[in-house]
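User: Please take a close look at one strand in this model and its surroundings. I would like one connected account.

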Amino acid sequence: MRPVSDLLTERTRSSRSSVIREILALTEAGGVLSLAGGMPSPDSFPVGELAEAAARTISGQPAQTLQYARTDGATPLRELLAAEASVRRRRDASPDQIVVTTGSQQALDLIARAFLDPGDLVAIESPGYLGAIQAFGAQDPSWLPIPVDADGLDTDALEAELAAGKRPKLVYTATDFQNPSGAVLSPARRRHLGELADRYGFLVVEDDPYGWIRFGEPIHDPIAATTERCISLGTTSKTLAPGLRIGWLVAPVEVAAALSRLKQAVDLNSSALAQYLTLELLGRPEWSRARAVELSEFYRPRAERLRSAMLAAAPDLEIPPARGGLFLWATAPGVDTTALLPRAVANGVAFVPESAFRTDDVSGECFRVSFATLAPDELEEAAARLGTTLAAG
Ligand code: PMP
């Protein structure tokens with residue numbers, strides 16, 4: 001008899017792990033200092049506050065925290081998130097526009113399944129967030145890669161494609177400290193993108209997981225302040241802890257309802273306990289403000305330490321200072337960074353090459369390193385190993 005794996009759908013069978021993923025999996029064996037992942041430092045988690053809130057809410061509100069919840073999310077949390085969205089967007093957002101998701105990754109998956117038929121065109125930052133490429137890619141779309149510079153997604157390049165007749169259904173952008181390049185979408189480009197959405201009828205997906213980790217960068221209005229053709233994504237993964245798996249989306253009411261119907265079949269609801277913990281912490285404005293400052297102060301010296309160690313170890317690298325978030329984006333002029341990765345892993349250090357963040361077959365001379373996960377002295381050792389690898393040519 002044929003193995004049960006033969007019963008998998010054609011699409012599931014053809015989805016394969018990438019070469020880069022396989023190389024990076026080797027780094028888990030030990031001995032490799034990985035700058036590849038985007039995991040926040042466990043030293044940054046608000047352990048005491050979460051433990052105290054868990055003890056209090058579980059005994060005080062067992063019928064809420066330990067019970068099934070509404071698919072679109074616990075009402076008080078949606079009210080809080082709607083009130084915050086109203087301030088940021090400078091117009092009213094109602095709780096009916098919010099869906100609490102299991103991380104913002106689930107929001108990307110729901111959006112992909114709700115909006116994309118095979119072959120539909122998706123405009124995506126190039127380089128762009130790998131998880132978005134995977135979520136949208138699962139629907140077999142066509143890609144419209146749009147370049148990114150220090151001001152984020154190049155909206156003039158997008159406009160040129162639109163003027164040439166391209167009609168993306170979705171345009172995805174990570175607005176603040178973009179993963180992987182660290183770019184911040186400028187206020188002028190946010191407005192431009194909103195105008196283009198209204199003129200050409202596409203939907204913007206704006207993703208902002210890193211907005212609280214800012215190294216002196218001013219806060220800009222979201223794209224949703226300029227157009228209603230927008231879904232905004234948020235998450236607690238980088239502000240509280242990724243283990244909560246709580247994210248959310250803010251969408252037009254009918255879209256939120258459609259996405260909530262899809263979510264029902266996936267997981268009924270995101271963890272009620274984690275939603276109430278989120279509410280406890282984010283519901284305290286002063287705590288949240290202090291937390292954003294604390295996170296920025298925690299990560300900024302690590303960013304500077306890794307950057308200066310890398311420049312000392314490999315003076316040919318070009319690395320703009322991080323403006324926030326968890327990543328540095330380095331350019332190694334003339335180097336194919338995909339080919340460099342296995343040599344780096346052999347030398348005990350890992351990064352993510354540019355090709356992982358692209359939907360075309362270009363390899364590229366850039367790579368992403370995270371300063372978030374390793375301890376500060378390990379960052380220096382990792383930089384030294386990178387320098388050795390680059391020097392070996
Ligand atoms: N969007 C971006 C740009 C990210 O970098 C990440 C996390 N790496 C996510 C979404 C997903 O985050 P989560 O599912 O943990 O909320």
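Analyst: What follows starts at strand E10 and works outward to its partner, the aromatic rings and a pocket. Keep in mind that this is a predicted model.

Strand E10 covers residues 327-331. Five of its five residues are buried, so the strand is largely enclosed by the rest of the structure. Buried here means under 20% relative accessible area. In a regular strand, side chains alternate between the two faces of the sheet. Phe-327, Trp-329 and Thr-331 point one way from E10. Leu-328 and Ala-330 point the other way. Both sets are buried.

Next, the partner. E10 pairs with strand E13, residues 366-370. The pairing is antiparallel and runs over five bridges. Within it, Ala-330 stands opposite Phe-367 of E13.

Now the rings. Searching the whole structure gives seven aromatic pairs. One of them joins Trp-329 and Phe-357, edge-to-face. Their centres are 5.9 Å apart, with 75° between the planes. Trp-329 belongs to E10, while Phe-357 sits in the loop between strand E12 (352-353) and E13, so this pair ties together parts that are 28 residues apart in sequence. Trp-329 and Phe-357 are both buried.

A ring pair also involves E13. The ring centres of Phe-351 and Phe-367 lie 4.7 Å apart and the planes meet at 50°, so this pair is tilted. Phe-351 is in the loop between strand E11 (349-350) and E12, and Phe-367 is in E13, so the contact ties together parts 16 residues apart in sequence. Phe-351 and Phe-367 are buried. Recall that Phe-367 is the residue opposite Ala-330.

Ring pairs also build a cluster. Its members are Phe-215, Phe-298, Tyr-299 and Phe-371.

Last, a pocket. The second largest pocket has a volume of about 1,100 Å³. Its lining has 38 residues. Glu-84, Arg-88, Asp-208, Trp-212 and Trp-248 lie nearest the centre. At least two lining residues come from each of helix H5 (75-89), strand E8 (230-235), strand E9 (247-250) and helix H12 (285-313). H5 gives the largest share, eight residues. By type, the lining of this pocket divides into 17 nonpolar, 10 polar and 11 charged residues.

To recap the strand: E10 is buried at five of five residues, pairs with E13, and contributes Trp-329 to an edge-to-face ring pair with Phe-357.

Key: Residues are numbered from 1 along each chain as its sequence is written. This is a predicted model: local features need pLDDT of at least 70, side-chain atom pairs count only at pLDDT 80 or more; totals for chains, interfaces and linings use all residues. Side-chain values use heavy atoms; hydrogens and water are left out. Buried means under 20% relative accessible area, exposed over 50%, partly exposed in between (1.4 Å probe, protein chains only). Helices (H or I, at least four residues) and strands (E, at least two) are DSSP runs, numbered from the N terminus. Two strands pair if DSSP finds at least two bridges between them. Rings of Phe, Tyr and Trp (its six-membered ring) pair if their centres lie within 6.5 Å; planes under 30 degrees apart count as stacked, over 60 as edge-to-face and the rest as tilted. On a 1 Å grid over the protein atoms alone, a cavity is a set of points where a 1.4 Å probe fits but cannot get out, and a pocket is an open set with protein on both sides within 12 Å along at least five of seven lines; lining residues have an atom within 4 Å of a point. Grid points are joined across faces, edges and corners, and a volume is the space filled by probe spheres set on the points. Ala, Val, Leu, Ile, Met, Phe, Trp, Tyr, Cys and Pro count as nonpolar, Asp, Glu, Lys and Arg as charged, and the others, Gly among them, as polar.
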